[in-house]
Amino acid sequence: MITVLHEIENKELMLDEIKRILKPKGKLMIIEFHKRKTPMGPPVDHRISEEYVEEIGNSKGLITFDKFSLGENYYSVVFELAPN
């Protein structure tokens, strides 16, 4: 999911649906703009932090698998669905 989550009004519902269709041990990668001024992207107040993405994913039962920066504009959080 690339630069979409910050646009979704009901993020919890979206993550519930993604979790429903993921296979056990399936992966979800979320790429978003850093929550700071960068050379491109939406206004900072429209962005969501890496910590928030990780927190909301974990609260929905997704396990943080990896996270990393993708240059000066983006970060990525990779989640895995726990096996049944």
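**Sheet.** I began with the strands of this predicted model, and I found that 3 of them form an open sheet in the order β1-β3-β2, with antiparallel pairing. I then looked at the edges, where β1 (27–33) and β2 (62–70) each have a single partner strand, so one side of each is left without a neighbour in the sheet. For the twist I noted an average of 20 degrees from one strand to the next.

**Pairing of β1 with β3.** I looked up how β1 is joined to β3 (residues 74–81), and I found 7 bridges between these two strands, which run antiparallel. As one position to check in the viewer, I wrote down K27, whose bridge partner in β3 is E80.

**Helices.** I turned next to helix α1 (residues 11–21), which lies across β1, β2 and β3 and runs at about 150 degrees to β1. Helix α2 (residues 50–59) also packs on the sheet, where I found it touching β1, β2 and β3, and its direction makes about 10 degrees with that of β3.

**Core.** I then asked which residues touch the most other members of the largest nonpolar core, and among its 14 residues these are L15, L22, L28, I30, V53, L62 and F79. I noted that α1, β1, α2 and β3 each supply at least two residues of this core, while β3 gives the most, with 4 residues.

**L15.** Lastly I followed L15, one of those core residues, and, leaving aside its neighbours within four places in sequence, I listed its contacts as L28, I30, I56, G57, K60 and L62.

Terms used
Residues are numbered from 1 along each chain as its sequence is written. This is a predicted model: local features need pLDDT of at least 70, side-chain atom pairs count only at pLDDT 80 or more; totals for chains, interfaces and linings use all residues. Side-chain values use heavy atoms; hydrogens and water are left out. Two strands pair if DSSP finds at least two bridges between them. Axes are lines fitted to C-alpha atoms, for helices over the stretch in contact, and angles run from 0 to 180 degrees between N-to-C directions. Contact means heavy atoms within 4.5 Å. A nonpolar core is a set of buried Ala, Val, Leu, Ile, Met, Phe, Trp, Tyr and Cys residues joined through side-chain atoms within 4.5 Å. Buried means under 20% relative accessible area, exposed over 50%, partly exposed in between (1.4 Å probe, protein chains only).
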